[in-house]
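Reader: I have this one open on my screen. Can you walk me through the fold, then a few residues?

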Amino acid sequence: MKKIKKNSGVMYVIGALMMVAGAFMLVTGVVLTATIIGAIIGIPLLIFGGLIFIIGMILAIIGMIDFLKRNNYLKRVKR
């Protein structure tokens, strides 16, 4: 079985874009929830936007940690 190589830069960029999309959904959900009729769409949009934001944040963190490991940056930093 081949070992799948992770591309840390792509993971970081996708995670950052997902965070932007999730933040936009959260703001849109808050605006829609302010109206009574829009709450039907706004509340699920808040939940979905929050999940997208969290998943994007996790991907960005994993991508950054992988990038730092590949460049041996974590080994060079003295604690």
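Reader: Start with α1. How many residues does α1 have, and how far does it reach from its first C-alpha to its last?
Author: This is a predicted model, so keep that in mind throughout. Helix α1 has 26 residues. It reaches 37 Å from its first C-alpha to its last, close to the 38 Å expected at 1.5 Å a residue.

Reader: And α2? How far does that one reach?
Author: Helix α2 has 32 residues and spans 46 Å from first C-alpha to last. That is close to the expected 46 Å.

Reader: Step back. How many helices and strands does the chain have?
Author: There are 3 helices and 0 strands. Along the sequence the pattern reads α-α-α.

Reader: Which residues of α1 are buried?
Author: Ser-8, Met-11, Gly-15, Gly-22 and Gly-29.

Reader: What do they pack against?
Author: The buried residues of α1 pack against α2, which runs over 39-70.

Reader: Now the partner. Which residues of α2 are buried?
Author: The list is Ala-39, Gly-42, Gly-49, Gly-50, Ile-52, Gly-56, Ala-60, Gly-63 and Asp-66. These buried residues of α2 pack against α1.

Reader: Take Gly-49. Buried or exposed?
Author: Gly-49 is buried, because its relative accessible area is 0%. Its place is in helix α2.

Reader: What is Gly-49 in contact with, leaving aside neighbours within four places in sequence?
Author: Gly-22, Met-25 and Leu-26. Gly-22 is itself one of the buried residues of α1.

Reader: How far is Gly-49 from Thr-28 in space?
Author: Their C-alpha atoms are 9.1 Å apart, with the two positions 21 residues apart in sequence numbering.

Reader: Moving along α2. Where does Met-57 stand on exposure, and why?
Author: Met-57 is partly exposed, because its relative accessible area is 35%. The residue sits in helix α2.

Reader: Which residues does Met-57 touch, not counting those up to four places away?
Author: Gly-15 and Met-19. Of that pair, Gly-15 is listed among the buried residues of α1.

Reader: How far apart are the C-alpha atoms of Met-57 and Met-18?
Author: They are separated by 7.8 Å. Along the chain the two are 39 residues apart.

Reader: Next door, Ile-58. What is its relative accessibility?
Author: It is 43%, so Ile-58 counts as partly exposed. Ile-58 also lies in helix α2. Its C-alpha is 9.3 Å from that of Tyr-12, although the two are 46 residues apart in sequence.

Reader: Which residues form the nonpolar patch on the surface?
Author: Ile-54, Met-57, Ile-58, Ile-61, Ile-62 and Ile-65. Together they offer about 490 Å² of accessible area.

Reader: Why would residues three or four places apart point the same way?
Author: An α-helix has 3.6 residues a turn, so residues at that spacing face the same way.

Reader: Back to α1. Where does Val-13 lie?
Author: Val-13 lies in helix α1, residues 8-33. Its relative accessibility is 46%, so it counts as partly exposed.

Reader: And how far is Val-13 from Met-64?
Author: C-alpha to C-alpha, 9.8 Å in space. In sequence, Val-13 and Met-64 are 51 residues apart.

Reader: What comes just after α2?
Author: Asn-72 does, with a positive phi of about 55 degrees.

Reader: Now whole-chain numbers. What share of the residues counts as buried?
Author: Of the 79 residues, 19% count as buried.

Reader: And the accessible surface of the chain, what does it come to?
Author: About 6300 Å². Carbon and sulfur atoms hold 78% of that surface.

Reader: Last one. What share of the contacts with a separation of 6 or more comes from residues 24 or more positions apart?
Author: Such residues account for 65% of those contacts.

Note on methods. Residues are numbered from 1 along each chain as its sequence is written. This is a predicted model: local features need pLDDT of at least 70, side-chain atom pairs count only at pLDDT 80 or more; totals for chains, interfaces and linings use all residues. Side-chain values use heavy atoms; hydrogens and water are left out. Helices (H or I, at least four residues) and strands (E, at least two) are DSSP runs, numbered from the N terminus. Buried means under 20% relative accessible area, exposed over 50%, partly exposed in between (1.4 Å probe, protein chains only). The expected span of a helix is 1.5 Å times one less than its number of residues. Contact means heavy atoms within 4.5 Å. Accessible areas come from the Shrake-Rupley method with a 1.4 Å probe; for residues, only the protein chains shown count as cover. Patches are made of residues with over 30% relative accessible area and no salt bridge: like charges are joined within 9 Å, nonpolar side chains (Val, Leu, Ile, Met, Phe, Trp, Tyr) within 5 Å. A salt bridge is a side-chain nitrogen of Lys or Arg within 4 Å of a carboxyl oxygen of Asp or Glu.
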